[in-house]
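Biologist: Please put the sequence and the model on screen. I will ask short questions, and I would like short answers.

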Amino acid sequence: MSSKRRVRAVRTAAALGAAVLGAVALGTGPAPAADRTPVWDLKDTGTDVRFRGLAAVDRHTAWVAGSKGTVLRTTDGGAHWRTVSPAGAADLEFRDIEAFDARRAVALAIGEGDASRIYRTDDGGTTWTESFRNPDAKAFYDCVTFFDHRNGLAMSDPVDGKYRILSTRDGGRSWKVLPSAGMPAAQTGEAGFAASGQCLVTSGPKDVWLATGGGATARVLHSRDRGLNWTVTDTPIPAGDPARGVFGLAFRDRTHGIAVGGDYRADQPSPRAAAVTGDAGRTWTPSATAPPAYRSGVAWLPHSRSAALAVGPTGSDLTTDGGRTWRTVDTGSYDTVDCTSDGACWASGEKGRVARAGHPSS
């Protein structure tokens with residue numbers, strides 16, 4: 001990015017941060033609902049499907065992927081959406097999408113056996129190529145992520161006691177299963193959550209993290225070599241039940257990260273629903289003031305070292321101290337969130353909900 005473009009992006013990001021910060025008065029504890037200004041500008045997608053997959057390219061361009069094989073794309077900030085779903089995919093459940101720009105994207109459909117599939121488009125979704133169809137009935141793929149335009153990974157719930165990792169070196173056009181020798185054993189009942197496309201995330205050219213739940217403890221696995229070898233650490237986010245654990249991760253660099261989660265059941269409490277790390281995930285510390293309920297998605301605000309947003313079915317929360325404390329700033333339902341380098345954040349979720357936050361003139 002040129003110096004002039006970077007200055008513009010930082011200024012726009014600062015405006016976004018000010019807008020989000022202005023949505024709730026500073027102080028201790030959440031502001032009364034009547035005092036809150038919604039963070040999100042809701043967009044009309046013309047559909048009621050649930051969008052758990054989201055790829056924000058910039059303030060103008062975003063992709064969403066969801067139920068009923070649905071993929072949408074906007075190139076005008078959400079004013080208009082084009083249906084760009086893969087042909088013959090109506091029975092598939094898309095839970096993750098990664099986009100490189102307005103034309104190139106990779107989408108993941110989840111499910112047991114051959115319901116788990118990966119598609120790639122190079123023409124804005126006009127056509128898609130199925131690049132992977134899971135041949136193993138024991139595998140269930142949850143998330144996909146990329147280090148750059150060519151190198152990426154996808155992860156499956158444990159197969160024969162270990163998480164399975166797919167690798168691509170050609171931008172998602174072809175995939176191969178990586179050796180499992182460097183993967184620690186999974187806990188009994190442990191799995192990933194295909195809730196927000198954030199159970200597998202990267203930072204930099206080689207570091208990747210994998211979030212888990214369902215086992216005795218909620219854990220985060222970390223690889224420094226693009227998925228060949230992994231270390232694993234317990235987090236303080238409660239687990240011990242198939243509905244509890246870490247649902248989403250975000251790293252602003254290779255050392256500073258945030259984990260969010262809880263219990264996705266609406267009638268169950270989610271104490272200690274967020275944790276932070278400053279050492280690449282070797283240790284995790286619970287947030288002193290956590291989000292008040294289950295959260296499935298999290299993203300750092302662009303060009304910020306301390307501000308991030310977390311989202312879930314009951315609202316959105318803001319941290320301005322790197323994840324140590326959180327304040328509710330919006331009560332709308334969203335499953336995932338993604339922010340861009342030019343100063344915009346997008347969120348998506350149930351009933352066709354897609355929204356954008358950013359400078360009003362952007």
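Biologist: Are Cys339 and Cys345 buried or exposed?
Modeller: The scale is relative accessible area with a 1.4 Å probe, protein chains only: buried is under 20%, exposed is over 50%, and partly exposed lies in between. On that scale Cys339 and Cys345 get one verdict: both are buried.

Biologist: What rules govern the values in this model?
Modeller: This is a predicted model, where local features need pLDDT of at least 70 and side-chain atom pairs count only at pLDDT 80 or more, while totals for chains, interfaces and linings use all residues. Residues are numbered from 1 along each chain as its sequence is written, and side-chain values use heavy atoms, with hydrogens and water left out.

Biologist: What is the S to S distance between Cys339 and Cys345?
Modeller: A disulfide here is a pair of cysteine sulfur atoms within 2.5 Å. Cys339 and Cys345 are joined by one, and the torsion about its S-S bond is 100°, a right-handed link. Their S to S distance is 1.9 Å.

Biologist: Which cysteine forms a disulfide with Cys143?
Modeller: The count for this model is two disulfides. In the one that includes Cys143, the sulfur atoms are 2.0 Å apart. The partner of Cys143 is Cys199.

Biologist: How many residues apart in sequence are the parts that Cys143 and Cys199 tie together?
Modeller: Strands are DSSP runs of E, at least two residues long, and helices are runs of H or I, at least four; both are numbered from the N terminus. Cys143 sits in strand β10 (residues 141-146), and Cys199 in the loop between β13 (176-177) and β14 (200-203). Both cysteines are buried. The tied parts are separated in sequence by 56 residues.

Biologist: Why is the disulfide of Cys143 and Cys199 called right-handed?
Modeller: Handedness comes from the torsion about the S-S bond. For Cys143 and Cys199 the disulfide is right-handed because that torsion is about 125°.

Biologist: What pattern do the disulfides of the chain follow?
Modeller: Bonded cysteines are counted along the chain. Cys143 pairs with Cys199, and Cys339 pairs with Cys345. The pattern is 1-2, 3-4.

Biologist: Which strands form the edges of the open sheet that includes β10?
Modeller: Two strands pair if DSSP finds at least two bridges between them. Four strands make this open sheet, in the order β10-β11-β12-β13, with antiparallel pairing. Inside it, β11 (residues 152-159) and β12 (residues 162-168) share six bridges. The strands that pair on one side only are β10 and β13.

Biologist: Which residues have the most contacts inside the largest nonpolar core?
Modeller: A nonpolar core is a set of buried Ala, Val, Leu, Ile, Met, Phe, Trp, Tyr and Cys residues joined through side-chain atoms within 4.5 Å. The largest has 16 residues. Elements giving it two or more residues are β23 (308-312), β26 (336-339), β27 (344-348) and β28 (354-358). The residues with the most contacts inside it are Trp40, Leu309 and Tyr334.

Biologist: How many residues of strand β24 are buried?
Modeller: Gly315, Asp317 and Thr319 point one way from β24, and Ser316 and Leu318 the other way. Both sets are buried, so the strand (residues 315-319) is largely enclosed by the rest of the structure. The count is five of the five.

Biologist: Which residue stands opposite Asp317 in β25?
Modeller: β24 forms a hairpin with β23, with two residues between them. β24 also pairs with β25 (residues 327-330), antiparallel, over three bridges. Opposite Asp317 in β25 stands Thr328.

Biologist: In β8, which residue is the bridge partner of Val106?
Modeller: β7 (residues 105-110) runs antiparallel to β8, and five bridges join them. The two form a hairpin with six residues between them, and Gly111 in the turn has a positive phi of about 140°. The partner of Val106 is Arg120.

Biologist: What is the mean pLDDT of the chain?
Modeller: pLDDT is the predictor's confidence in each residue, from 0 to 100. In this chain, 88% of residues reach 70 or more, and the mean is 91.

Biologist: Over residues 1-14, how many contacts does the model have beyond near neighbours in sequence?
Modeller: The pLDDT over this stretch is below 50. Contact means heavy atoms within 4.5 Å. For residues 1-14, the number of such contacts is 14.
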